[in-house]
Amino acid sequence: MINKLKYTIIAFLAFLSITSCQSDDIASANVEAMISEPGDLLNQTFPFNKVRVEGEGLMGLKKITLDDKIDVAFNPTYNSDKSFIFSIPFDEKLGSRFGVQPITFLTNNGTVTKNIEILQPNPTIVRSIPAVATPGFPLEIEGTWFYNVSAVTLGGKSLDFTVTSATSIIFGLPANAVSGSELAITTPGGTVKKIIEFETVIIVSDFDGNGVRPGSGWGAYGDIASFNASTAGGPTGNFASLSWTGSTANGYNGSSGGNGGGTGVGFLSATNKDATRAFLDINVSANVIGAQFAVQLNTIDNVNYAYNFKITDVNWTTKTIKISDFKDNYGYGKNSAATIDASKINEIKIGVVQGDTPNPTTIKFDNIKIRYQ
């Protein structure tokens, strides 16, 4: 009996010894390094970057938790005892944040928690709304990573701003802002810069004494019945009115203030050449539907460009015409003005298309502007 008990105790001790050795062979989960890809940031990363975890006892990865609250997705296929890979999520709704924060890995061999630092990316600018800014008006910038914005400057001068989201900032442009100024948006992630171009607006005539051709400087020619460049009661004050009562003695008619800046001096600067970026704005009305306007430019490189259109509503409306939509042969040709040098425009003529207009007709116009975007 004693010998039997002795052998039982010896066998039990041997079992304990073997079990203990087997337990020693099973490594507990251990993370030695977290390396961000691409690059080689150690224990640091940017949102959405891949992170390679290296260590021991990592087989059987079950769960990854970031900052004690965010579940992190991973592909179990890329999991070995020595490493695995996952991507850093970033979602404001889930409470994502920048800075040092814990990350916990649950594997078959236990749980291990380490600290990782989520770095804020450099902001980017995608576009501005409107695309061409106007001094004195708001401008919206769409981009990415507009978190913790510390400053917005234009030409080195600070602006008041409102961050509406991580992808949008709105601020007011100073009335004296200069086109070509550098906009800078600064966050802890860095500074992004963009040159802001402003729209150039040249008043040709508002017939109230403003513009390069005040009302008193306008005259008329050809088969007109009457012309008055200071008619009262327009949309913003005085306006110009031209009447045609059927005369065809000359075969044409029109009005013009002449060359406002002198021979060869255009409305736009010498750098504003692209006709596809130039526009003519004009308030128009008439006494009858069907009245047809003829808007003509000065002769440019021996070609006469014009744009003709009919009135469909006798109420005052604003007509915007792309300079590139003007056509040669007084508006009836096949060639557009898209390739002309817009800086050579130095005269705007307004008349009636006699062959396709009710008789009598009085056309009315006001606030003629040339814009360059």
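Here are some questions and answers on the pockets, sheets and contacts of this predicted model.

Q: How much space lies in the largest pocket?
A: Let's start with the walls: 19 residues line this pocket. Tyr252, Asn253, Ala294, Gln296 and Val352 lie nearest its centre. The space inside comes to about 300 Å³.

Q: Which strand gives the most to the lining of the largest pocket?
A: Strand 22 (253-256), strand 24 (292-297), strand 25 (306-310) and strand 27 (348-352) each supply at least two lining residues. One of them gives four residues, the most of any, and that is strand 27.

Q: How many residues of the lining of the largest pocket are charged?
A: The lining holds nine nonpolar residues and nine polar ones. That leaves the charged group, with a count of one.

Q: What is the order of the strands in the five-stranded open sheet?
A: The pairing in this sheet is antiparallel. Strand 19 (219-222) and strand 25 stand at the edges with a single partner each, so one side of each has no neighbour in the sheet. On average, neighbouring strands here are turned by 25° against each other, direction ignored. Reading across, the order is 19-22-27-24-25.

Q: Which residue in strand 22 is the bridge partner of Tyr221?
A: Strand 19 and strand 22 run antiparallel and are joined by four bridges. Look across from Tyr221 into strand 22, and the partner you find is Gly254.

Q: Which strands stand at the edges of the sheet with the order 10-11-15-14?
A: This one is an open sheet of four strands with antiparallel pairing. Two of its strands have a single partner strand each, so one side of each is left without a neighbour in the sheet. Those edge strands are strand 10 (124-129) and strand 14 (161-165).

Q: What is the bridge partner of Leu139 in strand 15?
A: Strand 11 (residues 138-144) runs antiparallel to strand 15 (residues 168-172), and five bridges join them. Opposite Leu139, the partner in strand 15 is Phe171.

Q: Where does Leu106 find its opposite residue in strand 9?
A: Strand 8 (residues 99-107) pairs with strand 4 (residues 63-66) in the antiparallel sense over four bridges, and there Leu106 is the bridge partner of Lys63. Strand 8 is also joined to strand 9 (residues 110-118), by nine antiparallel bridges. In strand 9, the residue opposite Leu106 is Thr111.

Q: How many residues does the hairpin between strand 8 and strand 9 pass through?
A: The two strands run antiparallel. A hairpin joins strand 8 to strand 9, and the number of residues it goes through is two.

Q: How much space lies in the largest cavity?
A: A search of the whole structure turns up one cavity of 30 Å³ or more. Its lining is made of Leu66, Ile70, Pro89, Phe90, Ser96, Arg97, Gln101 and Ile118. By type, that lining splits into five nonpolar residues, two polar and one charged. The space in the cavity is about 30 Å³.

Q: Which side chain makes a polar contact with the side chain of Thr362?
A: Thr362 lies in strand 28 (residues 361-372). Leaving out residues up to four places away in sequence, Thr362 touches Ser241, Leu242, Ser243, Ala286 and Asn287. The side-chain polar contact, at 2.7 Å, is with Ser243.

Note on methods: Residues are numbered from 1 along each chain as its sequence is written. This is a predicted model: local features need pLDDT of at least 70, side-chain atom pairs count only at pLDDT 80 or more; totals for chains, interfaces and linings use all residues. Side-chain values use heavy atoms; hydrogens and water are left out. On a 1 Å grid over the protein atoms alone, a cavity is a set of points where a 1.4 Å probe fits but cannot get out, and a pocket is an open set with protein on both sides within 12 Å along at least five of seven lines; lining residues have an atom within 4 Å of a point. Grid points are joined across faces, edges and corners, and a volume is the space filled by probe spheres set on the points. Ala, Val, Leu, Ile, Met, Phe, Trp, Tyr, Cys and Pro count as nonpolar, Asp, Glu, Lys and Arg as charged, and the others, Gly among them, as polar. A polar contact is a pair of N or O atoms within 3.5 Å; within protein, one must be able to donate a hydrogen and the other to accept it, and residues adjacent in sequence count only if both atoms are side-chain atoms. Contact means heavy atoms within 4.5 Å. Two strands pair if DSSP finds at least two bridges between them. Axes are lines fitted to C-alpha atoms, for helices over the stretch in contact, and angles run from 0 to 180 degrees between N-to-C directions.
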